[in-house]
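Follow the chain through its sheets, its core and its loops, in that order. The paragraphs below take each part in turn.

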Amino acid sequence: MEAAKKTTQADLIKEIVDDSLYETNTAIPAIVDSFSASDKTVDVTPALQKTFEDGSKLYLPQIKGVPVIYPQAANFAIVFPIAVGDSVLLIFSQRSIERWKERGGKLDPLDVRKHDLSDAVAIPGLYKIAGGEAVEAGKVKIKYHDALIEIEETNRIKVSNDNGSIVLEADGNVDIDTGTNGAARLNDEIKSTVGDDAVFWSFILTLFTTFNSHVHPIGTPNTGPPTPLLGTYPTTLTGKITAGSNKVKIG
Ligand SMILES: [Fe+2]
């Protein structure tokens, strides 16, 4: 017959520590239930169930007014709206942040609670594996719906939406949309094809025909038609852009 296992002092201490740890909130994923842009807070529900000693399972309660951590400093900020259903990482402060949330700075929290559920802060961007926006090699992306800014390690920068794009190439060239057409600048030469203007071209032909065939109704007989104009008809015009945009500068 096997001897009953004795409970040692070490076992008791371990059990106490385990119980204490079990009640200590540290960090946990959560799902956003609502977002306040003015307060920059979310109401969230922790995503992972808690299992109790009797085997029952329970979701932790919704936590309201959780501050969202955005990357920002005094003169720098990246802020964005958060959608219902987004997942975030909650971190539970080791002291109450109740007073600090309202006042900031250094202060006495006037509360001895530790790692309390109500002292959570939220970091956006925690997704299940391969969830969220795709990461592409050599590229920093800033995206909102279909508007996208891509900064590449080659120093190429692309700004685009679902209707077009502007690219600043590493060599300084600027491509608009597909970048296959040249952009015009001040003092660039321009060329106009007269033949493309049907009305203008028809007028020129009529003018030449009329001139080359007209007669003067004087004398007997009338004078004959004039000596026809020599040379060929011009079919193109050239010129130069004499005023450029103050807002669009390329090259
Ligand atoms: Fe004449």
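In this predicted model, strand β1, residues 27-36, is joined to strand β8, residues 87-92, by 5 bridges, and the two run antiparallel. Two pairs of residues mark the register. Pro29 has Leu89 as its bridge partner in β8, and Ile31 stands opposite Ser87 of that strand. On to β9: β8 pairs with β9 in the antiparallel sense, again over 5 bridges. Here Phe92 stands opposite Ala120 in β9.

These pairings belong to an open sheet of 5 strands with antiparallel pairing, in the order β5-β2-β1-β8-β9. Its edge strands are β5 (63-67) and β9 (120-124), each of which pairs on one side only. From one strand to the next the twist averages 50°.

What does this part of the chain hold as its largest nonpolar core, and which elements supply it? The core has 12 residues: Ala30, Val32, Val42, Val44, Ile63, Val66, Val68, Ile82, Val88, Leu90, Ala120 and Ala122. Two or more residues come from each of β1, β2 (41-46), β5, β8 and β9. Val42 can be taken as a way into this core. With neighbours within four places in sequence left aside, Val42 is in contact with Val32, Ser34, Phe35, Val66, Val68, Ile82, Val88 and Ala122. Ser34 and Phe35 are thus among the contacts of Val42, while the list of core residues includes Val32, Val66, Val68, Ile82, Val88 and Ala122.

The chain is divided into three parts: domain 1 (22-124), domain 2 (139-176) and domain 3 (189-240). The C-alpha centres of domain 1 and domain 2 lie 35 Å apart.

A second open sheet is formed by 5 strands in the order β10-β11-β12-β13-β14, with antiparallel pairing. The edge strands, each pairing on one side only, are β10 (139-144) and β14 (174-176). In this sheet the twist averages 10° from one strand to the next. At the β14 edge, 3 bridges join that strand to β13 (residues 164-168), and the two strands run antiparallel. Ile166 stands opposite Ile176 in β14.

Two loop residues deserve a look for their backbone angles. Leu110 is found in the loop between α2 (98-103) and β9. Its phi is near 55°, a positive value in a residue other than glycine. Is Leu110 buried or exposed? Leu110 counts as exposed because it has 8 C-beta neighbours inside 10 Å, and the cut-off for exposure is 12 or fewer. Ala130 lies in the loop between β9 and β10. The phi of Ala130 is near 70°, also a positive value in a residue other than glycine. With 7 other C-beta atoms within 10 Å, Ala130 is therefore exposed as well.

The last element to consider is helix α3, residues 198-213. This helix has 16 residues and reaches 22 Å from its first C-alpha to its last, close to the 22 Å expected at 1.5 Å a residue. How many of the 16 residues of α3 are buried? The count is 0, and α3 is hardly covered. An α-helix has 3.6 residues a turn, so residues three or four places apart point the same way.

Definitions and conventions
Residues are numbered from 1 along each chain as its sequence is written. This is a predicted model: local features need pLDDT of at least 70, side-chain atom pairs count only at pLDDT 80 or more; totals for chains, interfaces and linings use all residues. Two strands pair if DSSP finds at least two bridges between them. Helices (H or I, at least four residues) and strands (E, at least two) are DSSP runs, numbered from the N terminus. Axes are lines fitted to C-alpha atoms, for helices over the stretch in contact, and angles run from 0 to 180 degrees between N-to-C directions. Domain bounds come from an automatic or database domain assignment. A residue is buried if 20 or more other C-beta atoms lie within 10 Å of its own, exposed if 12 or fewer, and partly exposed in between; C-beta atoms are placed from the backbone. A nonpolar core is a set of buried Ala, Val, Leu, Ile, Met, Phe, Trp, Tyr and Cys residues joined through C-beta atoms within 7 Å. Two residues are in contact if their C-beta atoms, placed from the backbone, lie within 7 Å. The expected span of a helix is 1.5 Å times one less than its number of residues.
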